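Here are my comments on the model you sent round. Please read them with the coordinates open.

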Amino acid sequence: MKKYFVYLLGVSLLSVGLLAFMVSPFRCKSNAAIEKVELDIILLQTAIVAYEKILNKDISQLQNFYELSQTFPDLLHDVLLDPWDKPYGFEYLGSEPKSFIIWSKGSIDSEEGLIKYLFKEEGNTYKVSPLTMQSDK
């Protein structure tokens, strides 16, 4: 019974994450590569939140997304690659409030530029904010 509850809770978290995605600041560009990155990042955020909330693991100890594919139940079936065939980056920033960033490593050299998002805990959820590189021009 607990196994089914965990799966149901995971699907619920994914649904909430996708709903939040539809009204979030992610929808600023229409490029297919950007859209894939944005959807992947929402999936990765959902897996991180499930790691913390469902499996009661400390996200400050999470080193990379491979670890999420090694959990039971597995929170990620496979490690996701961005449209440029690079793994996504993750860094835990701190605990007051809990915050972390996820970025597309392949986007660094792309025409679109680095795609990077900050997630900051607010109450029982995480607020997402895009991070942009400032030009020297």
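The points below take confidence first, then helix 2, the strands and one residue of strand 4.

1. Confidence overall. This is a predicted model, so its confidence values come before any detail. The mean pLDDT of the protein chain is 82, and 74% of the residues reach 70 or more.

2. Where confidence is lowest and highest. Helix 1 (residues 2-22) has the lowest confidence in the protein chain, with a mean of 51. At the other end is strand 2, where confidence is highest, at 96.

3. A stretch to treat with care. Over residues 18-29 the pLDDT stays under 50. The model nevertheless has 21 contacts for these residues beyond four places in sequence. Where pLDDT is low, predicted coordinates should not be read in detail. I would ask that any figure of residues 18-29 state that pLDDT there stays under 50.

4. Helix 2, length. Does the span of helix 2 agree or disagree with its residue count? Helix 2 covers residues 32-53, which is 22 residues. At 1.5 Å a residue it should span 32 Å, and because its end C-alpha atoms lie 31 Å apart, the two values agree.

5. Helix 2, surroundings and start. Of the 22 residues in helix 2, 16 are buried, so the helix is mostly covered by the cut-off of under 20% relative accessible area. At the start of the helix, a side-chain oxygen of Asn 31 comes to within 2.7 Å of the backbone nitrogen of Ala 33.

6. Strands 1 and 2. Strand 1 (residues 88-95) pairs with strand 2 in the antiparallel sense, over 7 bridges. A hairpin through 2 residues joins strand 1 to strand 2. Ser 95 has Lys 98, in strand 2, as its bridge partner.

7. Strands 2 and 3. Strand 2 (residues 98-104) is mostly covered, with 6 of its 7 residues buried. Strand 2 also pairs with strand 3 (residues 115-122), again in the antiparallel sense, over 6 bridges. In that pairing, Ser 104 stands opposite Ile 115 of strand 3.

8. Leu 131. Is Leu 131, in strand 4 (residues 125-131), buried, partly exposed or exposed? Its relative accessibility is 33%, which is why Leu 131 counts as partly exposed. Beyond four places in sequence, Leu 131 touches Ile 101, Lys 116, Tyr 117 and Leu 118. Ile 115 is 16 residues away from Leu 131 along the chain, yet their C-alpha atoms are separated by 7.5 Å.

Key. Residues numbered from 1 in each chain as written. Predicted model: local features only at pLDDT ≥ 70, side-chain atom pairs only at ≥ 80, totals over all residues. Heavy atoms only, no water. Buried < 20%, exposed > 50% of the residue type's maximum accessible area, 1.4 Å probe, protein only. Contact = heavy atoms within 4.5 Å. Helix = DSSP H or I, 4+ residues; strand = E, 2+ residues; numbered from the N terminus. Expected span 1.5 Å × (residues − 1). Polar contact = N/O pair within 3.5 Å; in protein donor to acceptor, adjacent residues only side chain to side chain. Pairing = 2+ DSSP bridges. pLDDT = per-residue confidence, 0-100.
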